[in-house]
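Colleague: Hi! I'm new to this one, could you walk me through some of its side chains?
Modeller: Happy to, let's pull it up.

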Amino acid sequence: MSKKILFSVLIIALLSLLPIILGLDYYILLATYIIFYAALASSWYIPGGMAGQLDFAAASYLGIGVFISGTLITFWEIPYWVTLPLGGLGAMALAIGLGYFTFRFGLREVFYALASLASVLSLQFLFLLWKDVGGPIPRYIYQKGLTFMRFDSNIYYYYLMLFFMIIALLIGYKISKSKLGYFLRCIRDDEDAAEVLGINTRACKLKALAIYAFLTGLIGTAYVVFVGSYDYTIFDPEISLLIVVVALAGGSRVIYGPFTGALVLVSVRELFRSQLGAIRGLSWIFYGVVLLVIMLLKPSGFVTLFEKVYKKNVGKISRSKKESFSKKNKNNREPSHEKD
Amino acid sequence: MLELIIPITIVGILIGSVYALLSFGLSIQFGVMNLINFAHGDFVMLAMYVTYFSYFAMNLPTLASIILTVPLFFGIGFLLYKITLKKIIKSPQLVQIAVTVGMFMVMRGMAFLLFGAEPRSVSEKIIVGSISIFGMSIPISRIAFAAASILILLGINFFLTKTHTGLAFRAVSDDKTVPQSLGINVDQINAFAFGFGTALAAISGAFLMSFSYVDPMQGFRFITLAWVIVVLAGLGTIKGVVFSGWIIGIIETLTTYFWSSQAALFFVFLLFIIILWVKPRGLWGIR
């Protein structure tokens with residue numbers, strides 16, 4: 001247990017020292033993007049990993065956060081720190097509206113998956129057609145300073161994203177150890193059985209979804225000040241799919257799976273992009289193939305491979321300990337048997 | 001106003017018939033195999049591209065390209081089931097959705113790489129001309145393709161109710177173990193059902209080329225429309241699929257005419273949420 005805490009503190013220390021190691025602002029920008037996806041994937045773990053609901057609406061919740069924060073800052077110059085919780089709450093309201101209808105007992109998971117995917121596209125068109133707030137032209141945030149969280153250096157955004165990622169991981173960990181976490185895992189494994197045991201499945205799933213959407217909305221508000229402009233293309237199904245792919249590929253059953261998946265796969269994508277340039281179809285094929293291979297060969301994700309290696313080594317030690325222990329016992333016993 | 005709404009409704013019914021054909025492929029996969037397929041829309045998209053290129057590269061009309069695409073897509077579906085989907089047919093829904101989403105991402109990426117992002121369309125060669133209904137001219141090819149879709153659906157209905165294989169399909173959709181004990185090869189029926197679904201996607205893709213353009217992002221539109229039609233219809237009836245297809249087609253053409261083609265998906269989405277709320281088994285669903 002203490003080993004786990006030590007390990008996670010070590011990783012967080014490494015991640016918070018990373019900008020100093022990287023030095024160049026461009027690398028910090030790339031690292032911020034990677035941490036951004038890691039934060040989204042870590043919050044996706046709550047409904048996706050624990051409750052087993054395939055959620056494609058990450059871009060919707062993110063976009064709601066972006067638009068609430070962006071609109072309040074550009075139109076009324078409201079400080080960023082005030083818009084932060086509002087963005088989260090707005091995303092949460094949308095999530096509850098979506099989940100209330102699609103989490104009805106007896107409906108299959110497919111309906112939530114489909115509704116969430118369709119919500120991204122619907123919102124994209126709505127904000128394209130809603131000229132007062134969205135519209136086809138991107139809007140820029142000209143305000144500067146700490147009140148609006150607008151700086152020239154990317155290092156501030158790196159730490160902001162890292163903060164949200166740690167918050168998401170901590171909340172995910174807390175929930176997984178709480179009663180709600182056990183209920184959610186029960187729902188994932190067998191929803192009918194969970195309902196029979198007296199778990200209010202709809203309320204549990206809604207709670208998980210609301211927490212996830214709130215976190216995603218918060219990350220959205222951080223994203224808008226990080227990029228400095230926003231338009232309707234934030235409602236991009238590619239973002240939703242990317243998060244699902246990295247989370248499932250990393251391993252959706254353990255809390256560090258989505259996080260590790262995002263760190264590895266988004267880094268690989270950025271590497272590809274820096275080497276080959278942005279070819280539109282290539283990232284689709286790459287992520288599609290990764291998803292297919294992982295889901296067909298190892299549905300529990302690639303972190304289980306590390307786990308296996310870890311367990312093998314640790315298991316060897318403990319087994320040898322056990323063996324020596326049992327040998328001792330034998331040695332103690334055998335003479336007594338002989339005596340008899 | 002009324003003079004406008006009647007012809008728009010007729011256009012909606014025409015495109016809705018093709019949508020019904022499209023969604024019946026999905027319905028049969030969902031019903032028989034219990035598979036949740038998110039890749040169906042992209043099979044339609046690829047079929048539209050094949051139609052486009054057989055039109056321009058080989059100078060084939062739409063009807064001739066169907067003869068090419070249907071066996072091709074049936075074979076692809078059959079093989080895809082044998083290679084990949086067979087493993088996950090008993091897995092949780094999350095795994096099924098993830099695998100089919102992986103398939104559609106690969107297909108979309110291939111479409112982007114091979115064909116580019118610009119929209120493409122063809123004009124019909126054999127069935128030319130148009131007739132005017134209440135002042136709105138409607139191409140005869142659209143009427144012909146809508147009629148062909150309905151005829152194909154009637155043919156499938158005959159196949160499912162009167163032939164031996166069709167009865168096996170329906171037996172497998174009711175139960176998985178009892179048909180096996182009665183000597184039906186459930187695995188073979190599943191492979192056949194998946195191939196059947198993709199073949200229907202091929203036909204409807206060719207038909208849709210005379211209604212709309214194609215670009216790699218169209219797969220999203222078709223998968224959403226097809227799933228909404230399946231949910232609206234419920235499982236087990238062809239009549240329900242046809243009527244739901246018409247409803248969706250009418251909604252789409254009305255919004256396109258009075259507001260914007262991009263807003264159509266929003267109203268379809270609203271209808272989807274309302275149906276899940278009020279009648280989760282669909283309007284015509286048996287089970």
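Colleague: Is B:D215 buried or exposed, and what is the nearest side chain of opposite charge?
Modeller: In this predicted model, B:D215 is buried and has no salt bridge. The nearest side chain of opposite charge is B:R221, 7.9 Å away. A salt bridge needs the nitrogen within 4 Å of a carboxyl oxygen, so that pair doesn't count.

Colleague: Where is B:D215 in the chain?
Modeller: Look at the loop between helix 8 (186-208) and helix 9 (218-233) of chain B.

Colleague: And what does the side chain of B:D215 reach?
Modeller: The backbone nitrogen of B:M217, at 2.9 Å. Setting aside neighbours within four places in sequence, B:D215 also has contacts that include B:M45, B:Y49 and B:E118.

Colleague: OK, switching to salt bridges. How many does the structure hold?
Modeller: There are 10 over all chains. One of them pairs A:E191 with A:K205, with the closest N and O atoms 3.0 Å apart. A:E191 lies in helix 8 (residues 191-196) of chain A and A:K205 in helix 9 of chain A, so the bridge ties together parts 14 residues apart in sequence.

Colleague: Are those two buried or exposed?
Modeller: A:E191 is buried, at 14% relative accessible area, and A:K205 is buried too, at 4%.

Colleague: What about A:D152, which partner does it bridge to?
Modeller: A:K144, with the closest N and O atoms 3.2 Å apart. A:D152 is exposed, with a relative accessible area of 69%, while A:K144 is partly exposed at 49%.

Colleague: Now the rings. How many aromatic pairs are there?
Modeller: The count is 49 over all chains. Take A:Y61 and A:Y212: their ring centres are 5.7 Å apart and the planes sit at 80°, so this pair is edge-to-face. The two are 151 residues apart, with A:Y61 in helix 3 (residues 58-76) and A:Y212 in helix 9 (residues 201-227) of chain A. Both are buried.

Colleague: Why is the pair of A:F127 and A:F235 stacked?
Modeller: Their planes are at 25°, with the ring centres 5.0 Å apart, so they count as stacked. A:F127 is buried at 8% relative accessibility, and A:F235 is buried at 0%.

Colleague: Last one: which rings does B:R108 lie over?
Modeller: B:R108 lies over the face of B:F220, at 4.2 Å from the ring centre. B:R108 also lies over the face of A:W284, in chain A, at 5.3 Å from the ring centre.

Conventions: Residues are numbered from 1 along each chain as its sequence is written. Chains are lettered from A and ligands numbered from 1 in the order in which they are written. This is a predicted model: local features need pLDDT of at least 70, side-chain atom pairs count only at pLDDT 80 or more; totals for chains, interfaces and linings use all residues. Side-chain values use heavy atoms; hydrogens and water are left out. Rings of Phe, Tyr and Trp (its six-membered ring) pair if their centres lie within 6.5 Å; planes under 30 degrees apart count as stacked, over 60 as edge-to-face and the rest as tilted. Helices (H or I, at least four residues) and strands (E, at least two) are DSSP runs, numbered from the N terminus. Buried means under 20% relative accessible area, exposed over 50%, partly exposed in between (1.4 Å probe, protein chains only). A charge sits over a ring if NZ of Lys or CZ of Arg is within 6 Å of the ring centre and within 35 degrees of the ring normal. Lys and Arg count as positive and Asp and Glu as negative; His and the chain ends are not counted. A polar contact is a pair of N or O atoms within 3.5 Å; within protein, one must be able to donate a hydrogen and the other to accept it, and residues adjacent in sequence count only if both atoms are side-chain atoms. Contact means heavy atoms within 4.5 Å.
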